[in-house]
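Work through the exercises below with the sequence and the coordinates at hand. Each task is followed by a stepwise solution.

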Amino acid sequence: MELLEKNEQVQTELLRHFENKIEKGDSIEPRDKMPDGYRKHLIRQMSQHAHSEVIGMQPEGNWITRAPSLRAKQILLAKIQDEGGHGLYLYSAAETLGISRDEMISQLHSGKAKYSNIFNYPALTWADIGAIGWLVDGAAIVNQVSLQRTSYGPYSRAMVRICKEESFHQRQGYEIMAKMMSGTDAQKEMAQDAMNRWWWPSLMMFGPHDSESPHTGDAVKWKIKRHSNDELRAKFIDKTVQQAEVIGLTIPDKDLKWNDATGHYDHGAIDWNEFYKVISGSGPCNHQRMEHHKRVHAEGAWVREAAEAYRAKQEKQLLHS
Ligand code: FAQ
């Protein structure tokens, strides 16, 4: 009985330590005691973030063989490789919370874990590669810059490195759009068409409005989220409108208007029916994205087995040396 009470006291003390750290803005590290809800919340968000990075390689990968120049091909290859790397840092960071990579992948394959809505749309033309870099990476950066100050140490450190690479990605996308907007009428039309198709799904990347976001309350309390979905969306719109104007692109929103009182742009209504349809598996490319991931994952089994055999061999050698 005494032992049980003592154990409870220790647990309470450790949780108080967690709360103090959150309160002070110190980072939580893997060995710290944390509430189960905090751990689960992070596993959900970080694994979904990792899956998004990896699934996000597919729409761009589709254009490697069709890039319009060797320079463009090299840049695109490097960018896609970076996205794969981001997925790997994030899977590793999530593993520190006690979930294995295999488990995360099987949650993705079973549909239990989501990935970003945005990667369920097709990349139809070269301008889409510009729009993905400029708008999708641009939206991802706004979110990830804020996450650099998230309370979980391994996640926040991964974000610092990821943000440096994302800003290069955003610029390569903007460069493609700017180049097309200074080209022929057909190229300008292609760029505007890509803008029209990617704008609204990019706004949806920030998640539902704050009033409809079930996870925001806990996320803010635990300092996982440092800014709300709507705050980040507003930040993204404010900076992107100006960038569009500079190169002559029109934002496909007739209700977009600067609001002096809020210091932000007002925007038209987002089609949340489309968002929920896409994140529940019925977007234009969901089936294709998952089938591709499952097939390539199965084909790569031999690489994982070889790496495991190599690790076991090294361990054995170390024991006998
Ligand atoms: N897509 O209560 P909330 C990238 C779900 S990286 C799909 O507001 P939360 C790089 C949400 O999971 C892009 N589902 O949720 C790149 C929840 O459902 P659940 C990925 C979404 O977590 C560029 C439900 O709706 N970035 O692009 C989305 O507080 C180019 C209720 O939502 C990250 O993951 C969505 N957009 O806020 C790679 C950033 N939004 O889980 C290649 C980290 C919401 O209960 C090429 N994540 N849902 O079933 C976050 O900051 C947050 O998780 C939010 C959502 C803001 C995405």
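## Exercise 1: Asn229 and helix 10

Task: classify Asn229 as buried or exposed, and list its contacts.

Solution. Step 1: Asn229 has a relative accessible area of 7%, so it is buried (buried is under 20% relative accessible area, exposed over 50%, partly exposed in between, with a 1.4 Å probe and protein chains only). The model is predicted: local features need pLDDT of at least 70, side-chain atom pairs count only at pLDDT 80 or more, and totals for chains, interfaces and linings use all residues. Residues are numbered from 1 along each chain as its sequence is written, and side-chain values use heavy atoms, with hydrogens and water left out.

Step 2: apart from residues up to four places away in sequence, Asn229 touches Phe206, Gly207, Pro208, Asp210, Ser213 and Thr216 (contact means heavy atoms within 4.5 Å).

Step 3: Asn229 belongs to helix 10 (helices are DSSP runs of H or I with at least four residues, strands are runs of E with at least two, and both are numbered from the N terminus). Other buried residues of helix 10 include Leu232, Phe236, Ile237, Val241 and Ile247.

Step 4: helix 10 has 19 residues and reaches 28 Å from its first C-alpha to its last, close to the 27 Å expected at 1.5 Å a residue (the expected span is 1.5 Å times one less than the number of residues). Just after helix 10, Gly248 takes a positive phi of about 85 degrees.

## Exercise 2: packing of helix 7 with helix 10

Task: describe how helix 7 and helix 10 cross, and which residues make the contact.

Solution. Step 1: two packed helices are described by the angle between their axes and the distance between the axes. Step 2: the axes of helix 7 (residues 153-181) and helix 10 (residues 229-247) come within 9 Å and cross at roughly 30 degrees (axes are lines fitted to C-alpha atoms, for helices over the stretch in contact, and angles run from 0 to 180 degrees between N-to-C directions).

Step 3: helix 7 contributes Gln170, Tyr174, Met177, Ala178 and Met181 to the contact, and helix 10 contributes Gln243, Val246 and Ile247. Step 4: these residues divide into 6 nonpolar, 2 polar and no charged (Ala, Val, Leu, Ile, Met, Phe, Trp, Tyr, Cys and Pro count as nonpolar, Asp, Glu, Lys and Arg as charged, and the others, Gly among them, as polar).

## Exercise 3: helix 2 and the ligand

Task: state how many residues of helix 2 are buried, and which residues are closest to the ligand.

Solution. Step 1: helix 2 (residues 36-55) has 20 residues and spans 28 Å from first to last C-alpha, close to the 28 Å expected. Of those 20 residues, 15 are buried, so helix 2 is largely enclosed by the rest of the structure.

Step 2: the ligand is surrounded by 34 residues, the closest being Lys114, Asn117, Ser213, His215 and Lys225 (a residue is near a molecule or strand if one of its heavy atoms lies within 4 Å of it).

Step 3: a polar side-chain atom of Lys114 lies 2.5 Å from an oxygen atom of the ligand. For Arg44, a polar side-chain atom is 3.0 Å from a ligand oxygen atom, and for Gln48 an N or O atom of the side chain is 3.0 Å from one.

## Exercise 4: loop residues

Task: compare Thr125 with Leu124: which is buried, and which is exposed?

Solution. Step 1: Thr125 lies in the loop between helix 5 (101-110) and helix 6 (126-147), and Leu124 is also in the loop between helix 5 and helix 6. Step 2: Thr125 is buried, with a relative accessible area of 17%, whereas Leu124 is exposed at 51%.

Step 3: leaving out residues up to four places away in sequence, Thr125 touches Trp63, Met190 and Arg197. With its neighbours within four places set aside, Leu124 is in contact with Trp63 and Arg197.

Task: where is Lys223, and what is the sign of its phi?

Solution. Step 1: Lys223 sits in the loop between helix 9 (216-221) and helix 10. Step 2: most residues other than glycine have a negative phi. Step 3: Lys223 has a positive phi of about 55 degrees although it is not a glycine. At 21% relative accessibility, Lys223 counts as partly exposed.

Note on methods. Polar contact = N/O pair within 3.5 Å; in protein donor to acceptor, adjacent residues only side chain to side chain.
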